[in-house]
Amino acid sequence: MTAALELQGLCKQFGQLKVTQDVSLTLEKGVRHALIGPNGAGKSTLVHQITGLISPSRGRVLLNGADITDLSPEKRVKLGLARTFQINSLFNRLTVAENIGLAISAREGRDGRLFSSITQSPELMDEAAALLHSLGLLDLADRVISDLAYGQRRLIEIALALALKPSVLLLDEPVAGVPSTEGARLFDLLERLPQDVAVLVIEHDMDLVFRFAQRITVLVEGAVLVEGSVKEVRADPRVRAVYLGERHHG
Amino acid sequence: MTTQSDAHRVVQAFRRQRYNLADLALVLAAALTLLFGEYYLALAAFVVIMAIFALSLDLAQGYGGIESLGHAAFFGVGAYAAALYALHFSSEPVSGLLVAAVAAGVVGLVSGFAVLRTQGLTQLMLTLAIATLLYELANVAKAITNGDDGLSGYDVAPVFGLFQFDIYGYTGFVYAFVVLVLVYALLKKLVNSSIGQTAQGIRENQTRMRMLGVPVERRLWVLYTISAALAGVAGGLSAQINRIVGLDSLAFTLSANVVVMLALGGTGRLYGALFGAILFVVLSDRAAAIDPTNWLAVLGVVLILIVRYAPDGLAGFVARWSAKRGQK
């Protein structure tokens, strides 16, 4: 079986600074994989290389077996790679429905149509309604994003990526900044993500990581320190020293 | 479970630019002008031309978020194209307008290649530079444009062979108004369709649009080209109705004026462009009649008041007012 996402020996250097050092990573179809590491470990740079904002100095990125190393971010999305942002990146003056509509019409390749709108397609409107319903946001469909609570925006952040029906989903700190009172719905959503989607979650919240992930990669100083199952990683003394230890003592 | 009514709710949550009372009022105003304002028809035609021009800018700026201080480039190219067409090929006006639209559209297409790679202040400066370049080009190419003196002495045949342009300006006004209605209808259709939504998405958050897989530059390019072509139509109308095209049709003042019109009327709502054009032209005309030396100051004061008390322009003010009424 071809992996959903495969990184082969990625290296990225800015001058003498090695931000990514020979990182290899394989996400099988449908896996829940967490990427953790202390601040400055190069998690963001790695994500940028996957999404195509930065091109690696060496190494390849494969999506469902196809080499996407030299493709633009837009083309990668078209091939099934979606991401969410650590800081909400929504269309603030548009309504919730319009936000979802943008993602759906982009996926359908209808975003450039001059004389028709996806509102004319009953199937796509049903789909949007179902998505909003599953997030408990249908009642807010006609509200503009800037009127919503932070936790609700966080849900829409993920909904936009889901509307693209990706095969690989990158979640960049999905619960960052969400108060625990609003977190339940978000955790619930994360656990109900489509089974066939491979998910790579970058997260600081260890509770979420241990609950959600099947496999964990620990990144330290741009290189993979450990990769393994949750159990293996939890038990690894190096991880405890570098990462978990700091947290527990701090 | 979702039901049909859920989908209906989602459809309702897409805000559309519908035809409303403001549109009806504007049509009425045009009819009244035609009936009772016979001495003001030339001015009214100018209002209509500026309204089309401001609408074209609203598509690029209000919807697509493309900043322009050089939109006169397209107005001027359209005007010169229509005049040259009338002078050398045919005096038929409708085909002349099409030529104006195509010429300006091509300039938009080509210059968009550079302009749309930039954003913000850089973009503003680039549009300004392109307009200035064209201005100087028209100034130098005297053999074609007649330089400072401007192009004149061309004939414009009756519209559809039926309606002769008269010295009172009846035909000119009605002709321009019909074109305005068509342009307005086209824009309503465009902004309510996918490209209109996409444009707003790009205006709000370009990065996210890319991450939804949207080819942002290509979409903006289409938008900018259409905007340029419509500005060219406005220029073409001006050339046909006024029977003269001068360098001022490419000048910075015109580019700046249309930005002010849009600021007064409000961006991203289409009818704001109409309000803005009316307010700007009528106010300038009246103020200049009263005080020929200091009339610009009046515009300045109005602009300050609008920016201070109605930052979304007149249209934004009206929208907020009617939203409040709707809640009661």
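How many residues of chain A are in contact with residues of chain B? I looked this up first and found 43 residues of chain A in contact with 32 of chain B, where contact means that the C-beta atoms of two residues, placed from the backbone, lie within 7 Å.

I noted that this is a predicted model, in which local features need pLDDT of at least 70 and side-chain atom pairs count only at pLDDT 80 or more, while totals for chains, interfaces and linings use all residues. Residues are numbered from 1 along each chain as its sequence is written, and chains are lettered from A and ligands numbered from 1 in the order in which they are written.

**The side facing chain B.** I see that α2 (73–78), α3 (96–107) and α4 (122–134) of chain A each give at least two residues to the side of chain A that touches chain B; helices (H or I, at least four residues) and strands (E, at least two) are DSSP runs, numbered from the N terminus. By class, that side has 23 nonpolar, 10 polar and 10 charged residues, with Ala, Val, Leu, Ile, Met, Phe, Trp, Tyr, Cys and Pro counted as nonpolar, Asp, Glu, Lys and Arg as charged, and the others, Gly among them, as polar.

**The sheet.** In chain A I traced an open sheet of six strands in the order β6-β7-β8-β3-β9-β10, with mixed pairing; two strands pair if DSSP finds at least two bridges between them. The edge strands are β6 (81–83) and β10 (223–229) of chain A, each of which pairs on one side only. Strands β7 (residues 168–172) and β8 (residues 198–202) of chain A run parallel and are joined by five bridges, and A:L171 stands opposite A:V201 in β8(A).

**Helix α1 and A:T45.** I then followed helix α1 (residues 43–51) of chain A, which packs on the sheet and touches β3 (32–36), β6, β7, β8 and β9 (215–220) of chain A. A:T45 lies in this helix α1 of chain A. Is A:T45 buried or exposed? I count A:T45 as buried because it has 20 C-beta neighbours inside 10 Å; the cut-offs are 20 or more other C-beta atoms within 10 Å for buried, 12 or fewer for exposed, and partly exposed in between, with C-beta atoms placed from the backbone. Leaving aside neighbours within four places in sequence, A:T45 is in contact with A:K12, A:V19, A:T20 and A:I54. The C-alpha atoms of A:T45 and A:G222 are separated by 8.9 Å, although these residues are 177 apart along the chain.

**The whole of chain A.** I recorded nine helices and 10 strands in chain A, and buried residues make up 45% of its 250 residues.

Conventions. Axes are lines fitted to C-alpha atoms, for helices over the stretch in contact, and angles run from 0 to 180 degrees between N-to-C directions.
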